[in-house]
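Here are a few exercises to work through with the model open beside you. Try each one before reading its solution.

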Amino acid sequence: MKRIKSNGRFKKNLRKKMWAKAYSMSELLVVLCIIGILILLVLPNQTSVIAQAKAIEAQSMLNHLYGLQKSHFYRFSKYSSDFQALGFEPAPTISEGGQAIYKIEIMEASINSFKARAVSLSDFDGDGNFNTWEVDHNKLLVETVKD
C-alpha cells in the first residue's frame, strides 16, 4: 500500500476501503413495506383457488363412492346406504383428528337410485356458506352450495 504523508490523506483512503457499500435501514424498510402491500393485494384473489383445490377432495371421494354404489347395484340389484356394505371407509375429518375437509354422507338409497353429499367442515371464505357437492345414480356431480 502506498503511504502518503501529506495532510492525512492516508487515513481517509484507509477509511474508504474499510466501509462496504450497503443499503440503509430506511431503504430496506421501504422495500419491505412495498412487498407487504403487494402481498395484501394478491392474497384475496387466491381464496377462490384454494377453495377449488379443496373441492377436488369432495369430487374424488364422491366419484369413488359412485363406483362402489354401481358395483353394489350390479351384484345385489339395489343401492345401499351402508358404508360397510359398500366397502367405503370415509377418511377421518379434521374434527376427528384427520385431514379430510369434507364429511361424506349418503342421503338416500333405494332400489333404483341413490344420492350422496359431501359437506365442507370449514367455511373457506368466511361468508357463512359451507361448500356442498352431491352425486346421484347417473353420476351427476353438482356443486349445490358454492363457497
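Before we start: helices (H or I, at least four residues) and strands (E, at least two) are DSSP runs, numbered from the N terminus. Keep in mind that this is a predicted model.

**Exercise 1. Work out how β3 and β4 are arranged, and which residue of the loop between them has a positive phi.**

Start with the strands. β3 covers residues 132–136 and β4 covers residues 142–145. The two pair in the antiparallel sense, over three bridges. For one concrete contact, pick Thr132: its bridge partner in β4 is Val145.

Now look at the turn. Five residues sit between the strands of this hairpin. Lys139 lies in that loop between β3 and β4, and its phi is near 60°, a positive value in a residue other than glycine. That's worth flagging, because most residues other than glycine have a negative phi.

**Exercise 2. Find the loop that holds Ser77 and give the phi of this residue.**

Go to the loop between α2 and α3 (83–86); Ser77 is found there. Then check the backbone: phi of Ser77 is near 60°, again a positive value in a residue other than glycine.

**Exercise 3. Describe the largest pocket: its volume, its lining and the element that gives the most to it.**

Volume comes to begin with: about 150 Å³ of space lies in the largest pocket. Next, the lining, which includes Thr47, Ser48, Tyr102, Phe124, Glu143 and Lys146. Sort the lining by class and you get four nonpolar, four polar and four charged residues. Finally, ask who contributes: α2 gives the most, with five residues.

**Exercise 4. Name the residues of the nonpolar surface patch, and place Ile39 in its helix.**

The patch is made by Tyr23, Met25, Leu28, Leu29, Val31, Leu32, Ile35 and Ile39, and it spans about 870 Å². As for Ile39, its place is in helix α2, residues 25–76.

**Exercise 5. Count the salt bridges, then explain what the pair Glu105 and Arg117 ties together.**

The cut-off you need is a side-chain nitrogen of Lys or Arg within 4 Å of a carboxyl oxygen of Asp or Glu. By this rule the count comes to three salt bridges. One of them joins the side chains of Glu105 and Arg117, at 3.8 Å, N to O. Glu105 lies in strand β1 (residues 102–109) and Arg117 in strand β2 (residues 114–120), so the pair ties together parts that are 12 residues apart in sequence.

How values were computed: Residues are numbered from 1 along each chain as its sequence is written. This is a predicted model: local features need pLDDT of at least 70, side-chain atom pairs count only at pLDDT 80 or more; totals for chains, interfaces and linings use all residues. Side-chain values use heavy atoms; hydrogens and water are left out. Two strands pair if DSSP finds at least two bridges between them. Patches are made of residues with over 30% relative accessible area and no salt bridge: like charges are joined within 9 Å, nonpolar side chains (Val, Leu, Ile, Met, Phe, Trp, Tyr) within 5 Å. Accessible areas come from the Shrake-Rupley method with a 1.4 Å probe; for residues, only the protein chains shown count as cover. On a 1 Å grid over the protein atoms alone, a cavity is a set of points where a 1.4 Å probe fits but cannot get out, and a pocket is an open set with protein on both sides within 12 Å along at least five of seven lines; lining residues have an atom within 4 Å of a point. Grid points are joined across faces, edges and corners, and a volume is the space filled by probe spheres set on the points. Ala, Val, Leu, Ile, Met, Phe, Trp, Tyr, Cys and Pro count as nonpolar, Asp, Glu, Lys and Arg as charged, and the others, Gly among them, as polar.
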